[in-house]
Amino acid sequence: MWYNRLSEYLLKEGYKNDSICPCIFIKRSGPEYVIIAVYVDDLNIIGTPGELPRAIEYLKKGFEMKDLGKTKFCLGLQIEHLKGGILVHQETYIEVLKRFYMDKSHPMSTPMVVRSLDVEKDPFRPPTDNEDILDPEVPYPSAIGALMFLAGHTRPDISFSLNLLARYSSCPTKRHWNGIKQIFRYIQGTKDLGLYFANPSKTGLIGFADAGYLSDPHTGRSQTGYVFTVGGTTISWRSRKQTIAATSSNHAEILAIHEASRECVWLRNVIQHIRGSCGIILDKELPTVLYEDNAACIAQLKEGYIKGDETKHILPKFFFTHDLQKSGDISVQQVRSCENLADLFTKSLPNSTFQRLVHDIGMRRLKELK
């Protein structure tokens with residue numbers, strides 16, 4: 001009822017209901033614009049300095065409402081408005097540690113130990129026949145769920161470790177539970193860590209893709225990882241086990257960059273839609289740079305599908321990236337392995353490398369920014 005009244009009221013004033021998301025209303029007046037996002041009975045209003053006060057005054061005339069100022073808390077996310085930008089974190093939500101009696105635990109510097117190359121010594125190997133499965137009283141699935149909410153919103157730094165441990169939700173052992181507790185201990189020491197969006201933003205959309213060949217040697221599967229940044233800060237990321245057994249590192253990289261390319265197309269469409277709705281039209285849409293560290297993969301994607309002894313088993317659909325390069329949507333470029341930010345999403349890393357990549361994807365601590 002409230003939404004229908006608000007919708008009619010805004011449409012009369014010239015606002016347009018967004019075609020992709022019906023809870024978004026946009027009004028454009030020349031170079032000025034305002035965006036109103038509705039969630040139940042709360043509104044978030046974004047816009048240019050000239051149009052923003054007029055929108056707030058118009059809403060107050062039609063409805064009894066209170067202006068709470070800048071958004072500080074929305075949908076479980078905390079937003080800190082700082083001098084050089086904003087920090088989005090979930091320090092309040094991390095109080096969930098109390099539910100698992102980890103709120104007084106000793107902090108750790110990384111969410112996962114570096115895994116052994118010896119399959120038999122891997123602490124995250126599948127349960128063996130002589131190992132006991134944890135009792136149902138141990139809240140392993142509940143802990144996975146709580147951590148997934150963090151990993152999917154403001155904590156990409158725990159994505160790989162969580163993805164690995166989530167595979168054993170139906171049959172966890174003490175080894176796997178210790179892995180979960182290490183993630184909790186890492187979070188305990190980094191509660192105020194979040195994504196920092198500097199103002200103004202200096203760079204546009206940039207992507208990184210990587211694959212961890214045989215990251216799961218127990219099933220012969222590799223790991224796909226990708227991350228996209230705007231202004232040097234992460235806006236989209238993924239870490240997942242590949243569903244196909246790659247026959248080489250080159251094969252695994254092609255599968256990974258295929259997934260990254262699909263995400264890139266979606267992100268470009270969303271960004272173009274927002275710009276078009278707000279009247280921000282660029283003279284020419286430049287291709288999105290997608291960095292990859294495998295030279296053979298880059299060369300192969302440049303040439304397109306070639307049926308040879310090394311590639312005849314790779315399905316042509318995975319060369320979708322080649323078509324995107326030809327159309328000018330994506331430009332795949334090589335980057336050194338040590339500078340590939342997607343490395344964070346494909347393997348466990350030593351402390352120094354892990355901390356450097358966390359910083360490079362735009363994560364900062366509130367106490368450092370203040």
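Modeller: Before we start, contact here means heavy atoms within 4.5 Å, and the structure is a predicted model.

Colleague: Fine. Which residues does D216 touch, not counting those up to four places away in sequence?

Modeller: With those sequence neighbours left out, D216 touches R167, R221 and K241.

Colleague: And where does D216 lie?

Modeller: D216 lies in strand β9, which covers residues 205-216.

Colleague: Is D216 buried or exposed?

Modeller: D216 counts as buried, because its relative accessibility is 4% and the cut-off for that class is under 20%.

Colleague: What does the side chain of D216 do with the side chain of K241?

Modeller: The two side chains make a polar contact, at 3.4 Å.

Colleague: Then what about R167 and D216, how do their side chains meet?

Modeller: The side chains of R167 and D216 meet in a salt bridge, with a distance of 3.5 Å from N to O. This pair links distant parts of the chain, since R167 sits in the loop between α4 (159-166) and α5 (174-188), whereas D216 is in strand β9, and the two are 49 residues apart.

Colleague: How accessible is R167?

Modeller: R167 is partly exposed, with a relative accessible area of 23%, whereas its partner D216 is buried at 4%. As general background, side chains of opposite charge can pair when their charged atoms come close.

Colleague: How many salt bridges are there in the model?

Modeller: The count comes to 19 salt bridges. One of them joins the side chains of K104 and D103, at 3.4 Å from N to O. In that pair K104 counts as exposed, with 76% relative accessibility, while D103 counts as partly exposed, with 22%.

Colleague: What about E339 and R336, how do those side chains meet?

Modeller: The side chains of E339 and R336 also form a salt bridge, with an N to O distance of 2.6 Å. Here E339 is partly exposed at 37% relative accessibility, and R336 counts as exposed at 54%. Elsewhere, salt bridges that share partners join E13, K27, E51 and R54 into one network.

Colleague: Changing topic, how many disulfides does the count give?

Modeller: The count comes to zero disulfides. To take one cysteine, C338 is in no disulfide, and the nearest cysteine sulfur, that of C297, is 18 Å away; the cut-off for a disulfide is a pair of cysteine sulfur atoms within 2.5 Å, so that pair does not qualify.

Colleague: Where do C338 and C23 fall on the accessibility scale?

Modeller: C338 is partly exposed, with a relative accessible area of 40%, and C23 is partly exposed as well, with a value of 26%.

Colleague: Now the surface: which residues make the nonpolar patch of about 330 Å²?

Modeller: That nonpolar surface patch is made by Y39, V40 and L75. Of these residues, L75 has its place in the loop between β5 (73-74) and β6 (77-82).

Colleague: One last spot, where is G220 found?

Modeller: G220 is found in the loop between β9 and β10, the latter covering 221-230.

Colleague: And which residues is G220 in contact with, leaving aside neighbours within four places in sequence?

Modeller: With those neighbours set aside, G220 is in contact with L214, A245 and A246. G220 and A246 are 26 residues apart in sequence, and their C-alpha atoms are 7.9 Å apart in space.

Methods:
Residues numbered from 1 in each chain as written. Predicted model: local features only at pLDDT ≥ 70, side-chain atom pairs only at ≥ 80, totals over all residues. Heavy atoms only, no water. Buried < 20%, exposed > 50% of the residue type's maximum accessible area, 1.4 Å probe, protein only. Helix = DSSP H or I, 4+ residues; strand = E, 2+ residues; numbered from the N terminus. Polar contact = N/O pair within 3.5 Å; in protein donor to acceptor, adjacent residues only side chain to side chain. Patch = residues over 30% accessible without salt bridge, like charges linked within 9 Å, V, L, I, M, F, W, Y side chains within 5 Å. Areas by Shrake-Rupley, 256 points an atom, 1.4 Å probe, with all protein chains shown as cover. Salt bridge = Lys/Arg side-chain N within 4 Å of Asp/Glu carboxyl O.
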